[in-house]
Amino acid sequence: MNEIALSYGRGHLDITLPPGARPAVIRKQALPKLADPKAAIRGALDNPIASAPLAELARGRRSACILICDITRPVPNRLFLRPMIETMIASGIAREKISVLVATGLHRPNLGDELAELVGDPWVLENVRVENHYARDEDAHVDFGFTKTRNTPVKLDRLFAEADLKIATGLVEPHFMAGWSGGRKVIAPGVAHHETIRTFHSARFMEDPLAVQCNLIGNPLHEEQLEIVRMLGEVFALNTVLDEERDLVCVTFGEIIASHQAAVDFVSGATQVPMDRKFSTVVTSSAGYPLDKTYYQTIKGMVTPLDILKPGGTLIIASECSEGFGSPEFREAQARLVELGPERFLATLTAKSLAEIDEWQTEMQLKPMRLGRVELYTTGLSGGDQELTGVGVIDDLTAAIARSISRSGDPDVAIIPEGPYVVPRYAG
C-alpha cells in the first residue's frame, strides 16, 4: 500500500507514500465486464427501453443524425456506430441522409487524426457524413424559443434538429454540475448555440446547491435539459457505462430520458462510495486521457471529492495536461481570478445572465479553493501557465503528501486513482 498508481495520461503515475501515511484507497465498485460487447449493443438496439427497436424506428424515416461526444469523453464509438448505421440503411434510410455530429458544445472541433480516433471506425468516416458542431455559427441553429421554467434560450444545431430520426449517444458518468453525463446532456449543451450554453453556465445555475454530481432531483441544469429534449419531440439515446479499464459494463438504448435513467440506475450505486470520515489530505487524478488533456478539464477532478475533504485540508490532484491550459477564453478567466482573487472574481459573475465562454470552469475552481488548499502535479504546463492555475503547483507528490500530513497532524490520506469518475460521500 506504500505505492499506488493514479490514472495519468494514457497510463498511470506511480506514487510512493511517505513513511507513516495511512492510505484509504477509494475506488468504485467493480462491475462485471460484458463478455461480448458487440452482442450487448445489438441486444440493446433490438430490445430498447420505452421505444421500438432501432430497425423499426428507422423504417420510413427520410434522414437520421447520431450525436457523439467529443474527444474529452472516452466513449466506445467504435463499437456501436457501424451497427447503428447499418441497421438504419437496412431499414431504408439512404446512406447519404445519415450523419454523425460531434457534440462539441463550446469546445474546439475534432478534426483529422483526432476525428479518426474519436469515431474509431474508418468505415463510418468513409460511408456517412461526419461533422462537428459549431456553437458560434448563427446560421447553423434552429431557434426553439425559451424554456417555460427558467426562460433559457433554446437554439440547437440544425443538422440534428431537422433530422427525421434523432439519436444521442454518450457515456454515463458523474458530472459535477448536471449530476450525470450522457443522454440529454449530449444535446444541451452538446449541440446547443452559445447563448444556450452560456445561460446554463451562468452563476444562476452554477451556484445552485443542487447542481452537483450524482444529483438529478431538483437539479436546475437537469430540469432545463429535460425541458429542451421535450421541445425537440421524439428523441432516442444509446448510453454506455465503462469500468476503470475503460471496458464496457452496460449499454442501454431507447427513449432518451428513460434509457438514460436506466444507465444512471445501473451505475449510481457503484460510483458513489460512502466514507465514514473526512480527510485532511485527499489525493486524486483527472482520470487520465482524454479528460486530463487540459487544465480546463482538470478542475472537474478538484470538485468531485470535496464531500470528504476537511475544511482547511489539502487536495492534491495529478493531471498530465498534455495539450496545455485550455481555450483563450478560459485563460482570460483564470487571469482575472489570479488578479482579483476568489471573492472579487465571483462578484463579477453573479449579475450576468450569460456567462462568458469557459469562465464557468474557473467559477467551479472556487469551490475547492473556498474549502482548503489545492495543489497540482503536472508535466504539461510551463511556468506562465502554472501561475494562471491559481493553485499551488508541485513537482513531488510524496513530498506534498508529507507536508500536508505535517500541517494537519493527520496521517490518514484518501486516494482516488480514477479521479472524477468516482464520487466519495461522507456518510457521517
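**Helix α9 and the nonpolar cores**

In this predicted model, helix α9 comprises 13 residues, 220-232, and spans 19 Å between its first and last C-alpha atoms, a reach close to the 18 Å expected at 1.5 Å a residue. The N-terminal end of α9 is capped by Asn-219, a side-chain oxygen of which is placed 3.0 Å from the backbone nitrogen of Leu-221. Just after the helix, Gly-233 adopts a positive phi of about 95°. The helix is mostly covered, with 10 of its 13 residues buried; the buried positions include the nonpolar residues Leu-221, Leu-226, Ile-228, Val-229 and Leu-232, and among them are also His-222, Glu-224, Gln-225 and Glu-227.

In soluble globular proteins, nonpolar side chains tend to be buried together. In the present model, the largest nonpolar core contains 102 residues, within which Met-88, Leu-165, Ile-187 and Tyr-295 have the most contacts. When neighbours within four places in sequence are left aside, Met-88 is in contact with Leu-54, Ala-58, Ala-64, Ile-66, Ile-93, Ile-98, Leu-165 and Ile-167, and Leu-165 is itself one of the residues with the most contacts inside the core. A second core, separate from the largest, has 18 residues, including Leu-6, Leu-17, Ala-400 and Val-413.

Gln-261 is located in helix α10, which covers residues 256-271. Because its relative accessibility is 33%, which lies between the limits of 20% for buried and 50% for exposed residues, Gln-261 is classed as partly exposed. The C-alpha atom of Gln-261 is separated by 25 Å from that of Phe-146, a residue 115 places away along the chain.

Methods:
Residues numbered from 1 in each chain as written. Predicted model: local features only at pLDDT ≥ 70, side-chain atom pairs only at ≥ 80, totals over all residues. Heavy atoms only, no water. Helix = DSSP H or I, 4+ residues; strand = E, 2+ residues; numbered from the N terminus. Expected span 1.5 Å × (residues − 1). Buried < 20%, exposed > 50% of the residue type's maximum accessible area, 1.4 Å probe, protein only. Polar contact = N/O pair within 3.5 Å; in protein donor to acceptor, adjacent residues only side chain to side chain. Core = buried A, V, L, I, M, F, W, Y, C linked by side-chain atoms within 4.5 Å. Contact = heavy atoms within 4.5 Å.
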